[in-house]
Amino acid sequence: MRKLLFAFALTSLLWSCKSINAHKEPIIQATINLNEVKNDQVLVTVNAPKINSNEINYHIPKTVPGTYSEDNYGKYIEDLKAYDKKGNLLVVEKTDLNSWTITNAKKLNKITYLVNDTFDSEKGTSFGQDDVFSPAGSNISVGENFMINTHCFIGYFDNFLAVPYHLTVNHPAALWGGTSMTDQDNSVSSDLFVSSRYAELVENPIMYSKPDYTSFSVDGMDIQICVFSPTGKYTAKSITPEMKTMMTAQKKFLGKINSTKKYSVLLYLSSLKPDDAKGFGALEHPTVTTVVMPEIMDKEELIKSMMDVVSHEFFHIVTPLTIHSKEIQDFDYNAPKMSKHLWMYEGVTEYFANLFQINQGLISEADFYNRMAEKIEEAKTLNDTMPFTTMSANVLKEPYKTQYLNVYQKGALIGMCIDIIIREKSNGQRGILDLMQKLSNEYGVSKAFNDEELFNKISELTYPEVGDFLKTYVAGPTPIPYDVYLAKVGLGKSKMQAPTAIFLKDNETPYINVNPTTKEIFVIPNMELNVFFDNLKLKGGDIILSINDTAYTLDNIYDLINQSTKWKENEPISLKIKRNEKEITIKGNVKFPMEEKDNITVTDDSKKQLKEAWLKG
């Protein structure tokens, strides 16, 4: 999972506002009816297998792989009813947020229930901890879009997780379902998807909307890009060139590690209306990534964000989708036990998402160094003495839950340090990608490792120094001395003054807000302003009407935020404001608030050969 929080902090804060049944083995047949939406709910019917007990429990997941949070998807289920073959109701008791107990279960023929979508319930001020992360959620928008993350709609009976699932989706003929599954029904208004077990079904989301997709092939992998854009601002065709460039580079970087034959990217662009998605980022699956982004982003930023989040999710093909522990192999959706190795599942994945870009020439060395320097700084703001393995195993509860974001910071840096150690010990011949290849060969999709054995196995496959690093800095409380590892490849840290966000204090608190009634943007009163505002003599309460002859309101505030990142220090700027009901024109120069940051630079040219092997090998 990749969450994008930093880029959208201001925007978020401003929005307070035909069935195969010849087998004798049990089969779960489920139907989602998208043709009849009532009260923003869809009807789901699940035909039960033969039950031999007097009671049976039906569960909707509490959590699903890749989210690392307890989201209680059962909260979105209403009016669950159980029937026998004659249509008589059986007694049903809801036993917790996600579970229902059905009595006289030997007579059970089917259950029905209504499903609410999650996008509607996301908080209006910011993406809260109680919200379902949008790429793992669901949307019900009649005639336009249905985001079907299957775990939001379909559950499981006790002891029937391993039986095949046949899912039928009845849908408007005008809507097409983007997915990596194969539709086995030729009808234009009904799709049939067959999965070998519940876990396979859960890993295959479907996005229904008017057909907007492209397909291309990269080194034996068929890739599909599907887009839902509410205003039509973006199409699959408009972003495919960049996606093809990126995924071609990723395939080249991974080499023989990846053997996936089909991969889909499902991109949902949010209108940012109060009842639409607000959790931006992506969620990985073995053959598909679901992505949610705000539609108001300009193309340059959308592409950059897609490059970061989709590349991250794609690299999950390596881990945990190929290399994983028994906790993931035998995932318990309602009483999950978490693995100790988030440093690898998310951290190494995030490291690869950055390393491949410098390795394949998509970014410069300076860009890569800046990214790593930022991760070092951001990791410092989190608990640097909390053992990563402890945090990982307990990530569903506090105080570990709030440290989860460190998987993208310190987790990636752990990957970087291991990579450097292996490069140094092998004279540049091997790196962490080689380690992941060996782990893939040792374990793989169908063979899980024991949590406790992984560090010893890695040490065996690489060098004792790697094992020592893992035990000291990943399983232990000792902060990582990044300078030591950077020096091995001729790099060091220096201080530099760097511009920060104009409209955010500490990259978090906005200096501006909006009036939801008038849609006017105003400077927040009674707040100490930064140098940008002071230099132009702006005051709290001032209403910003236009900047450089472009009018701004709530409708295009994201354009303003994005444009501000492109301004240059000291360039001329003209603002039209309203102060005390009087319009005023202010002319001046852009002044950026600055902060001191660590910068990574080359300090030892004698290590150039090892550095090149690390970055380009």
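Which residue in β30 is the bridge partner of Lys 576? The answer is Thr 585. The model is predicted. This briefing covers the hairpin, the nonpolar cores, the aromatic pairs and one charge over a ring.

**Hairpin of β29 and β30**

- Strand β29 spans residues 572-579, and strand β30 spans residues 582-589.
- The two strands pair in the antiparallel sense, over eight bridges.
- Two residues lie between the strands of this hairpin.
- Asn 580 takes a positive phi there, near 55°.

**Nonpolar cores**

- The largest nonpolar core holds 155 residues.
- Tyr 113, Ile 154, Phe 157 and Trp 343 touch the most other members of that core.
- Helix α6, residues 342-359, gives the most to this core: eleven residues.
- Trp 343 has a long contact list, not counting residues up to four places away in sequence.
- Aromatic and glycine contacts of Trp 343 include Phe 388, Phe 455 and Gly 411.
- Isoleucine contacts of Trp 343 include Ile 414, Ile 418 and Ile 458.
- Trp 343 also touches Leu 454, Leu 470, Val 348 and Val 474.
- A second core, of 26 residues, is separate. Among its members are Val 514, Leu 529, Leu 538 and Ile 573.

**Aromatic pairs**

- The structure holds 32 aromatic pairs.
- One of them joins Tyr 58 and Tyr 113. The pair is tilted, with 5.8 Å centre to centre and 45° between the planes.
- This pair links distant parts of the chain, as its two residues are 55 residues apart.
- Tyr 58 belongs to strand β4 (residues 55-59), and Tyr 113 to strand β9 (residues 110-116).
- Both Tyr 58 and Tyr 113 are buried.
- Phe 314 and Phe 315 form an edge-to-face pair. Their ring centres are 6.3 Å apart, with 75° between the planes.
- Phe 314 counts as buried because its relative accessibility is 0%.
- Phe 315 is buried too, because its relative accessible area is 0%.
- Phe 314 and Phe 315 belong to a cluster linked by ring pairs. The other members are Phe 253, Tyr 263, Tyr 351, Phe 352 and Phe 356.

**Charge over a ring**

- The charged end of Lys 110 sits over the ring of Tyr 83.
- The distance from that charged end to the ring centre is 5.5 Å.

Technical notes
Residues numbered from 1 in each chain as written. Predicted model: local features only at pLDDT ≥ 70, side-chain atom pairs only at ≥ 80, totals over all residues. Heavy atoms only, no water. Core = buried A, V, L, I, M, F, W, Y, C linked by side-chain atoms within 4.5 Å. Buried < 20%, exposed > 50% of the residue type's maximum accessible area, 1.4 Å probe, protein only. Helix = DSSP H or I, 4+ residues; strand = E, 2+ residues; numbered from the N terminus. Contact = heavy atoms within 4.5 Å. Phe/Tyr/Trp six-rings, centres within 6.5 Å; stacked < 30°, edge-to-face > 60°. Lys NZ or Arg CZ within 6 Å of the ring centre and 35° of its normal. Pairing = 2+ DSSP bridges.
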